[in-house]
Protein chains: 2
Amino acid sequence: MQISTKGKYSVRAMIDIAQHSSGSPVPLAAISKREGISLQFLEQLFQQLRKGHVVKSIRGPHGGYVLAREASEITIGDIVRLVEPPLYSSSCFARDESVEQCRIAESCIGGAIWSQLSEHINNFLDSITVADLCNKPKPEVVYGLKMRSNRISEGRAKRPEDVAEAEAVEVA
Amino acid sequence: MQISTKGKYSVRAMIDIAQHSSGSPVPLAAISKREGISLQFLEQLFQQLRKGHVVKSIRGPHGGYVLAREASEITIGDIVRLVEPPLYSSSCFARDESVEQCRIAESCIGGAIWSQLSEHINNFLDSITVADLCNKPKPEVVYGLKMRSNRISEGRAKRPEDVAEAEAVEVA
DNA sequence: TTTAATCCCGACCATTTTGGTCAAGAATAT
DNA sequence: ATATTCTTGACCAAAATGGTCGGGATTAAA
């Protein structure tokens, strides 16, 4: 269970755009140089980010990418979900995952675990926005991240009762 | 970000032992047959589970594996951590991950995100025990999983303030 | 004491995923 | 026109995943 560099690079690139775009588009070449990420790899990632509607592209000279909406309205989860495979893919403890039926049948709790874990992770990642990471908070604040619950992220219809209360983790 | 079959298989095998062991050891061959998991793959997994002290082995005829402690004292997190690579490995948004220094330096929040995410996941997985999954709860109960916070899992020293309040997710 | 059951261990291996590169093209500001 | 920038698709090496194989070591029981 790992977060790949695709996720990390994508988040870094999105932060980079948010920090360096003053209304004008940011070319990938600039991000590549600043973040030390290969241009071609960025291009690959940004196709997914564009199709996922978190950035918009502008072609030609002085072109580049701009955030599709305000940095405070783009969550880390929005980004990560576009470039990472989903955690929960309908498999539980069932013997044969291709079959819908679970081995321990009506008492199966396995699927619920992974789906609940997935919910937890998504709620956590959706509680942090690109704007949060651009504000350069003081170290004390870093560890006291304010968690916003019930955030509705793009393309993911959540009923309110689906959303867990995400409490801040006191790490320090 | 995926949970591999190693994690799922290991959890299933542990549940299998808990359900079929009446004090006597459960041979891998029996688990293999019941769960449809290759014997050799199980052997591979159980080496890690044994070294991680969640099971004990008994060799010779009528041998097999027994849980190293009560099913209610073994969490899913205990199992999964033994066979899955760790989520958080000291990398944040830093340009050069081999260097300890982060690009956005004193205001770096990136590392905190992944480490907090890791905490969240561990707390969640540590809130569910093998015993919970053997009790065959009714479907209603399945989705109302009671989360126990502040569980101390083997080999992971947690200060109380490190542990988030894990609330039950109302899925249904 | 042989035999069979069982765990133990290390090497091996095919496929998929990851983390990219390369080359050619299309759009567009200047 | 031309240079800049995104767009697309093919390709590729290395690592991880999800196993298999073959032989040992240990031990209960016939």
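Which residues come nearest to DNA strand D? Among the 27 residues around this strand, they are Ser57(A), Gly64(A), Ser4(B), Ser38(B) and Gly60(B). Before we look closer, please note that this is a predicted model, in which local features need pLDDT of at least 70, side-chain atom pairs count only at pLDDT 80 or more, and totals for chains, interfaces and linings use all residues. Residues are numbered from 1 along each chain as its sequence is written, while chains are lettered from A and ligands numbered from 1 in the order in which they are written.

**View 1. The surface near DNA strand D.** A residue is near a strand if its C-beta atom, placed from the backbone, lies within 6 Å of it. Helix 2 (28–35), helix 3 (39–51) and strand 2 (64–67) of chain A, along with helix 1 (5–20) and helix 3 (39–51) of chain B, each supply at least two residues here. Helices (H or I, at least four residues) and strands (E, at least two) are DSSP runs, numbered from the N terminus. Helix 3 of chain A gives the largest share, four residues. The surface has nine nonpolar residues, 13 polar and five charged; Ala, Val, Leu, Ile, Met, Phe, Trp, Tyr, Cys and Pro count as nonpolar, Asp, Glu, Lys and Arg as charged, and the others, Gly among them, as polar.

**View 2. The surface near DNA strand C.** Of the 27 residues around this strand, Ser4(A), Ser38(A), Gln40(A), Gly60(A) and Ser57(B) come nearest. Two or more residues each come from helix 1 (5–20) and helix 3 of chain A, and from helix 2 (28–35), helix 3 and strand 2 (64–67) of chain B. Here the largest share, four residues, belongs to helix 3 of chain B.

**View 3. Helix 3 of chain A.** This helix has 13 residues and reaches 18 Å from its first C-alpha to its last, close to the 18 Å expected at 1.5 Å a residue (the expected span is 1.5 Å times one less than the number of residues). Leu42(A), Leu45(A), Phe46(A) and Leu49(A) are buried, that is, 20 or more other C-beta atoms, placed from the backbone, lie within 10 Å of their own. After the helix comes His53(A), with a positive phi near 65 degrees.

**View 4. Asn123(A) in helix 5.** Asn123(A) sits in helix 5 (residues 110–126) of chain A. Asn123(A) counts as buried because 24 other C-beta atoms lie within 10 Å. Ser24(A) is 99 residues from Asn123(A) in sequence and 31 Å away in space, C-alpha to C-alpha.

Definitions and conventions
A residue is buried if 20 or more other C-beta atoms lie within 10 Å of its own, exposed if 12 or fewer, and partly exposed in between; C-beta atoms are placed from the backbone.
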